[in-house]
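Thanks for coming. I have one structure to go through today, and I will keep to what can be read from its coordinates.

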Amino acid sequence: MINFYKIILFFLLFIFYIIFMLFPRNLFIEVLGGDNFGHIYLGSILTIITLLIINKKKLLLPLSIIFTLTTLIEFLQLFTTRAFSSYDLFYNTVGIALGVIFYKFLLLIIKNSRVFYKKLFY
């Protein structure tokens, strides 16, 4: 059964990301590490939240969607005050990969905390 609330949340997340990435850079405060690290931060956060929303064991479809949409956004920047950059694509991909690692680590922590909690309090 399709959970429409998750789908709506997923699309709202991407709309926010698209708007954020298409605004001129001078509207934002410089992030720690510069623009390249900003792409890594946003890619990681986007990936973690998307994987938590979709919550599937197979990661290929959600990661394909994330990569396709972040690539599309880079091309859409050609029509704004920002510009397409292959470096931004690279840093988006690094952010997606780090997001997967953090997501797996988060799942491991959640799983082990439940086991620890059950052993300690039951």
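I will start with the chain as a whole, then take the helices, the core, the aromatic rings and a few buried polar residues.

Bear in mind throughout that this is a predicted model.

First, the overall layout. The chain has 122 residues, and 29% of them count as buried. Its secondary structure is 4 helices and 0 strands, so the pattern along the sequence reads α-α-α-α. For contacts between residues at least 6 apart in sequence, 72% join residues that are at least 24 apart. The accessible surface comes to about 8800 Å², and carbon and sulfur atoms account for 77% of that.

Now the helices, beginning with α1. How far apart are the end C-alpha atoms of α1? They are 27 Å apart, which agrees with the 27 Å that 19 residues should span at 1.5 Å a residue.

The buried residues in α1 are Phe10, Leu13, Phe14, Tyr17 and Met21. These five cover an arc of only 90° around the axis, which means that they sit on the same side of α1. On the other side of α1, Phe4, Tyr5, Leu12 and Phe16 are exposed.

The same check works for α3. Its 17 residues should span 24 Å at 1.5 Å a residue, and the end C-alpha atoms of α3 are indeed 24 Å apart. Pro62, Ile66, Thr70, Thr71, Ile73 and Glu74 are buried in α3. Their arc around the axis is only 160°, which again places them on the same side of the helix. Leu60 and Leu61, on the other side of α3, are exposed.

Next, the core. In soluble globular proteins, nonpolar side chains tend to be buried together. Which residues make up the largest nonpolar core here? There are 10 in all: Phe10, Leu13, Phe14, Tyr17, Met21, Leu46, Ile53, Ile66, Ile73 and Ile96. At least two of them come from each of α1 (4-22), α2 (34-54) and α3 (60-76). The helix that gives the most is α1, with 5 residues.

Take one core member, Ile96. Setting aside residues up to four places away in sequence, isoleucine 96 touches Gly43, Ser44, Thr47, Leu63, Ile66, Phe67 and Thr70.

On to the aromatic rings. The structure holds 5 aromatic pairs. In one of them, phenylalanine 10 and phenylalanine 11 have ring centres 5.7 Å apart and planes at 75°; planes over 60 degrees apart count as edge-to-face, so this pair is edge-to-face. Phenylalanine 10 is buried, at a relative accessible area of 9%.

Phenylalanine 75 and phenylalanine 84 form a stacked pair, with 4.7 Å from centre to centre and 20° between the planes. Both of these residues are partly exposed: phenylalanine 75 has a relative accessible area of 42%, and phenylalanine 84 has 31%. There is also an aromatic cluster, formed by Phe10, Phe11 and Phe14.

That leaves three polar residues, taken in sequence order.

Threonine 50 is in helix α2. Is threonine 50 buried or exposed? It is buried, with a relative accessible area of 0%. Beyond residues up to four places away in sequence, threonine 50 touches Phe10, Leu13, Phe14 and Ile66. Those four contacts are also on the list of core residues.

Aspartate 88 lies in helix α4, residues 86-121. Its relative accessibility is 2%; the cut-off for buried is under 20%, so aspartate 88 counts as buried. Aspartate 88 and aspartate 35 are 53 residues apart in sequence, and their C-alpha atoms are 8.6 Å apart in space.

Asparagine 92 is also placed in helix α4. Asparagine 92 counts as buried as well, at 2% relative accessibility. What does asparagine 92 contact once its neighbours within four places in sequence are left aside? The contacts are Tyr17, His39, Thr70 and Glu74. Two of these contacts, Thr70 and Glu74, are among the buried residues of α3, and Tyr17 is among the buried residues of α1. Asparagine 92 and leucine 42 are 50 residues apart in sequence, with 7.8 Å between their C-alpha atoms.

To sum up, the predicted model has 4 helices and 0 strands, and its largest nonpolar core numbers 10 residues, with α1 giving the most. Threonine 50, aspartate 88 and asparagine 92 are buried too. That is all I have.

Definitions and conventions: Residues numbered from 1 in each chain as written. Predicted model: local features only at pLDDT ≥ 70, side-chain atom pairs only at ≥ 80, totals over all residues. Heavy atoms only, no water. Core = buried A, V, L, I, M, F, W, Y, C linked by side-chain atoms within 4.5 Å. Buried < 20%, exposed > 50% of the residue type's maximum accessible area, 1.4 Å probe, protein only. Helix = DSSP H or I, 4+ residues; strand = E, 2+ residues; numbered from the N terminus. Contact = heavy atoms within 4.5 Å. Expected span 1.5 Å × (residues − 1). Arc of directions from axis to C-beta. Areas by Shrake-Rupley, 256 points an atom, 1.4 Å probe, with all protein chains shown as cover. Phe/Tyr/Trp six-rings, centres within 6.5 Å; stacked < 30°, edge-to-face > 60°.
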